[in-house]
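Colleague: I would like a close look at the empty space in this model, pockets and cavities alike. Please take in the packing and the rings around it as well.

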Amino acid sequence: MEASKQVSLRRIAILVGGLSMFGPFAIDAVFPAFPHIGANLGADKLAMQQVISVYLLAYALMSLVHGALSDALGRKRVILGGLAVFIAASVGCALATDMTTLLFFRALQGLSAGVGYIIGRAVIRDLYDGDDAQRLMSQVSMIFSIAPAIAPIIGGWLLGWSNWQGIFWFLVAFSTALLLITMTWLPETHPPHARLSLHPARLLRDYISIARNPRFLRLAAAGSFGFGGLFLYIASAPAFILDLLQLNERQFAWLFIPTIGGMALGAYASGRAAGRMDGARAVRIGYGCIAVATLYNIGYNALAPQMSVPWAVLSLPLSSFGVALIFPILSLAILDMYPRQRGTASSMQAFSTLLTNSIIAGLLSPLLSRSGLWLAIGAGLFAVASAAAWKWERNSLRAQRAAAEP
């Protein structure tokens, strides 16, 4: 029985990890192709940045709906529908001959890309609880973290073998494979008797209730701002690699491998810590790592006459390690607040993260990516905001416990 449980857990980890990958993969895979797409479609750098921000904005808006749909219709049905739309949108991107068409289908990709990431977390909590849930969430985070690392590398290789359209045909193939595997492997984890109504009034009440919950806001802010510092570098990857470090389109690995390596190790450490270490202590260690990385990053960029590798990226693995150590704990805390509305709660958390990322990609990245020091300070401010939200949460819990004592 125990062996079959472990096989099942590994299978679910691989499947949910894969479902979580295709959304971020579609962001990063196109980075090396920016100069080629811009030249082919007559778009400048500002217009090319919209290839990311339009995707993320659509992703953020639709993330509010995915979880609620899965609470009402079942997890598997909504995931399969989202994958089918993503496949069609990727075909549209590959066939686009002007910037308007490309941006339209990128938005359609964004509308469907969140089903795996958002609903996958609800699937984990449907199936497991306690330490098993934290371990599985951490394993999924490890798999998920591979996508941003390999996406720009694969994108660069595809450019060498084909043209920029080949990247979108690869996304078609990848998401089609996920569709077939999901049909075969994924059980329906949200049975009909547990499903909720899709009545707009009820959905609106749920959204408002969650959005007004101070504890949800604190936890969501801690997660969104914590990842925001890393995402600032991810969204600024073309400027950081091509302009600031003066590397070429085949060298995006200098940014992504250290970052995702740290995330994978942090997710592994979070899984190992489950049942062995109090979650609050693991979070403190994570913020300690982020603090050390932030101080080094700002100091290096303030003092170095010219940015160069590996020194310019040394802070990234330590910072991403800290973020990955923290994030599964924050996510499970949010899901445990709403046992009957896990999909909706996951959607609201994802929306907060994606809205933050959209602002970073569309506004902050173009402003800050002109300078390594500006990027370092911006990432540092996100780290401070995340730590402040977590500190607020801990103080609130202590105050509640003190008030409950006779």
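Modeller: What follows goes through the pockets, then a cavity, then the core, the ring pairs and three single residues. Keep in mind that this is a predicted model.

Start with the largest pocket. Its volume is about 430 Å³. Lining it are 19 residues, and Lys45, Gln49, Pro238, Ala239 and Asp243 are the closest to its centre. Four elements each give two or more residues to this lining: H2, helix H3 (45-73), helix H10 (237-244) and helix H14 (342-368). By class, the lining of the largest pocket splits into ten nonpolar, five polar and four charged residues.

Now the second largest pocket. It holds about 360 Å³. Its lining has 21 residues, with Arg215, Gly279, Ile329, Leu332 and Ala333 nearest the centre. Helix H6 (130-161), H9, H12, H13 and H15 each contribute two or more residues to the lining of this pocket. H13 gives the most, with five residues. The class count for the second largest pocket is ten nonpolar, three polar and eight charged.

Next, the enclosed space. Searching the whole structure turns up three cavities of 30 Å³ or more. Take the second largest cavity, with a volume of about 130 Å³. Of its 16 lining residues, Gly229, Thr294, Asn297, Ser319 and Ala379 lie nearest the centre. At least two lining residues come from each of helix H9 (214-235), helix H12 (279-303), helix H13 (315-337) and helix H15 (372-404). These helices also appear in the lining of the second largest pocket. The cavity lining has nine nonpolar residues, seven polar ones and no charged ones.

What about the packing? The largest nonpolar core has 122 residues, and Phe31, Leu102 and Phe240 have the most contacts inside it. H9 supplies the largest share of this core, twelve residues. Look at Phe31. Beyond its neighbours within four places in sequence, Phe31 is in contact with Ile52, Ile234, Ala235, Ala237, Pro238, Phe252 and Phe256. Pro238 is also one of the residues closest to the centre of the largest pocket.

Leu102 leads on to Leu41. Leu41 lies in helix H2 (residues 34-41), an element that also helps to line the largest pocket. Outside its neighbours within four places in sequence, Leu41 is in contact with Thr97, Asp98, Met99, Leu102 and Trp164. Leu41 counts as buried because its relative accessible area is 14%, and the cut-off for buried is under 20%. Gly110 is 69 residues from Leu41 along the chain, and their C-alpha atoms are separated by 21 Å.

Then the rings. There are ten aromatic pairs in the structure. One of them is Phe25 with Phe174, a tilted pair at 5.7 Å centre to centre, with 40 degrees between the planes. This pair joins distant parts of the chain: Phe25 is in helix H1 (residues 2-28) and Phe174 in helix H7 (residues 165-185), 149 residues apart. Phe25 is buried, at 2% relative accessible area. Phe174 is partly exposed, at 21%. Another pair, Tyr296 with Tyr300, is stacked, at 6.1 Å centre to centre and 15 degrees between the planes. Both tyrosines lie in helix H12, four residues apart, about one turn of the helix. Tyr296 is partly exposed, with 31% relative accessible area, whereas Tyr300 is buried at 13%. Ring pairs also link Phe25, Phe170 and Phe174 into a cluster.

Two more residues complete the tour. Ser331 sits in helix H13, the helix that gives the most to the lining of the second largest pocket. Ser331 is buried, with a relative accessible area of 1%. Setting aside neighbours within four places in sequence, Ser331 is in contact with Arg121, Met137 and Gln349.

Ala269 belongs to helix H11 (residues 253-273). Ala269 counts as partly exposed because its relative accessibility is 23%, and buried would need under 20%. Not counting residues up to four places away in sequence, Ala269 touches Phe321 and Leu325. The C-alpha atoms of Ala269 and Leu397 are 25 Å apart, with the two positions 128 residues apart along the chain.

How values were computed. Residues are numbered from 1 along each chain as its sequence is written. This is a predicted model: local features need pLDDT of at least 70, side-chain atom pairs count only at pLDDT 80 or more; totals for chains, interfaces and linings use all residues. Side-chain values use heavy atoms; hydrogens and water are left out. On a 1 Å grid over the protein atoms alone, a cavity is a set of points where a 1.4 Å probe fits but cannot get out, and a pocket is an open set with protein on both sides within 12 Å along at least five of seven lines; lining residues have an atom within 4 Å of a point. Grid points are joined across faces, edges and corners, and a volume is the space filled by probe spheres set on the points. Ala, Val, Leu, Ile, Met, Phe, Trp, Tyr, Cys and Pro count as nonpolar, Asp, Glu, Lys and Arg as charged, and the others, Gly among them, as polar. Buried means under 20% relative accessible area, exposed over 50%, partly exposed in between (1.4 Å probe, protein chains only). Contact means heavy atoms within 4.5 Å. A nonpolar core is a set of buried Ala, Val, Leu, Ile, Met, Phe, Trp, Tyr and Cys residues joined through side-chain atoms within 4.5 Å. Rings of Phe, Tyr and Trp (its six-membered ring) pair if their centres lie within 6.5 Å; planes under 30 degrees apart count as stacked, over 60 as edge-to-face and the rest as tilted.
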